[in-house]
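Colleague: I'd like to go through the labels on this one and hear the reasoning behind each. Can we take them in turn?

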Amino acid sequence: MGQRSRATTIADVAAHAGVSQASVSRVLNGRSSVDPEIVRRVQASIAELEYRPSPTARSLVNGRNNTVAMVVPDLENPLFQGILKGLSLAAARDGYRVLVADTAENVDDEEEIAVEARQRCDALVLCAPRMPEAKLRALVDAVSPVVVVNRPLPGADVPVVGVDYVRGIRDLVDHLHDLGHRRIAYASGPPTSASNAERRRGVAEALAAHPDVRIDEVPGGSRLDDGYAASDAVLAAHRDGCTAVIAFNDLVALGLMTRLHELGVEVPRDLSIAGFDDVPMAGFATPRLTSMSVPRGEIGGQVWLRLRTLIEGGPVEHSVLYSPRLEARGSTAAVAEGVA
């Protein structure tokens, strides 16, 4: 029976290179104080012996496991998927991996899930957390290092990367106003969503800027089936004079458009529909969905830059707020003559 080959160890590398095990460890950890000749010999021995450092052993030495966790309220949402992809690609370039925890919009489980995720990794990303602000402020202190996405936390000592939803809603109302719409319905998001509160602020500012506009709020949600289910409330608003709908996000808009099509309501002839986030599906809908474009991948990259700085013991970097860009497509059109 043949003998099982033994894995190469640091001791083997040290003996092959003619240096101490401590020197090999310092080279593996990238210490700049190591003599260049020793670095060359150790690297040559590592290559020749095909040595692969144990991730577990390295984490015991430096106190890190080179993983971070991202907690999201709904991983089915393409916005969060895009942010995750941007974060994962940026982190991978620095040798880190990203774990994901989905709270399934259950605000009662959010804190526990975040704490458990932090115990298993080096740092945490809280993406659009739904919990009350006081609880969130206590949590970010407890799980540091942490970066928060799409949740304003004024005065908190934590980086925040997000989207200017107030500006985005104002721009959508401006767009619809230019098309002649004066009665608009807003299909709102989850009640616990901070970005829904920001969108409602945008509605208030748009009304102040356009006194001739009326915006009625109807229950919406954040998912495709929420938009589908919102059709009754939207059609009631339509019968009352609304000619356009701004949905909380693209998923709600797409679900709504599906149901309206089934009911024989033509978009945009009968009713203009606009979403938010510009997810990939928006450009493939029939008609193509007007939306506010959000740089999902870039947001993920900026999150990583701030998280990496914190992991390395650096300062809390300034927060970033992205202005979304209007993508006017076929789902919005001018009001038919005699309707407005």
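Modeller: Sure. Exposed means over 50% relative accessible area, buried means under 20%, and partly exposed is in between. Keep in mind that this is a predicted model.

Colleague: Why is Pro36 called exposed?

Modeller: Pro36 has a relative accessible area of 63%. The cut-off for exposed is over 50%, so Pro36 is exposed. Pro36 sits in helix H3, residues 36-49.

Colleague: And why is Glu116 called partly exposed?

Modeller: Its relative accessible area is 36%. Partly exposed is what lies in between under 20% and over 50%, so Glu116 is partly exposed. Glu116 belongs to helix H6, residues 107-119.

Colleague: Which residues gather with Glu116 in a patch on the surface?

Modeller: Asp108, Asp109 and Glu112 gather there with Glu116. What makes the patch negative is that Asp and Glu count as negative. A patch residue also needs over 30% relative accessible area, and Glu116 has 36%.

Colleague: How do you know that Arg130 and Glu105 form a salt bridge?

Modeller: The closest N and O atoms of Arg130 and Glu105 are 2.9 Å apart. The limit is within 4 Å, so the pair counts as a salt bridge.

Colleague: What does that pair tie together?

Modeller: Arg130 is in the loop between strand S3 (123-127) and helix H7 (133-143), while Glu105 is in the loop between strand S2 (97-102) and H6, so parts that are 25 residues apart in sequence are tied together.

Colleague: Buried or exposed, what are the labels for these two partners?

Modeller: Buried needs under 20%. Arg130 has 7% relative accessibility, so Arg130 counts as buried. Glu105 has 22% and therefore counts as partly exposed.

Colleague: What makes Arg329 and Asp278 a salt bridge?

Modeller: Their closest N and O atoms are 2.9 Å apart, and the cut-off is within 4 Å. Arg329 lies in the segment after strand S12 (325-327) and Asp278 in the loop between strand S9 (272-274) and strand S10 (291-293), so this pair links parts that are 51 residues apart in sequence.

Colleague: Why are Arg329 and Asp278 called buried?

Modeller: Arg329 has a relative accessible area of 16%, and Asp278 has 13% relative accessibility. Buried means under 20%, so Arg329 is buried and Asp278 counts as buried.

Colleague: How many salt bridges are there in the whole structure?

Modeller: A search finds 21.

Conventions
Residues numbered from 1 in each chain as written. Predicted model: local features only at pLDDT ≥ 70, side-chain atom pairs only at ≥ 80, totals over all residues. Heavy atoms only, no water. Helix = DSSP H or I, 4+ residues; strand = E, 2+ residues; numbered from the N terminus. Buried < 20%, exposed > 50% of the residue type's maximum accessible area, 1.4 Å probe, protein only. Patch = residues over 30% accessible without salt bridge, like charges linked within 9 Å, V, L, I, M, F, W, Y side chains within 5 Å. Areas by Shrake-Rupley, 256 points an atom, 1.4 Å probe, with all protein chains shown as cover. Salt bridge = Lys/Arg side-chain N within 4 Å of Asp/Glu carboxyl O. Charge placed at Lys NZ, Arg CZ, Asp CG, Glu CD.
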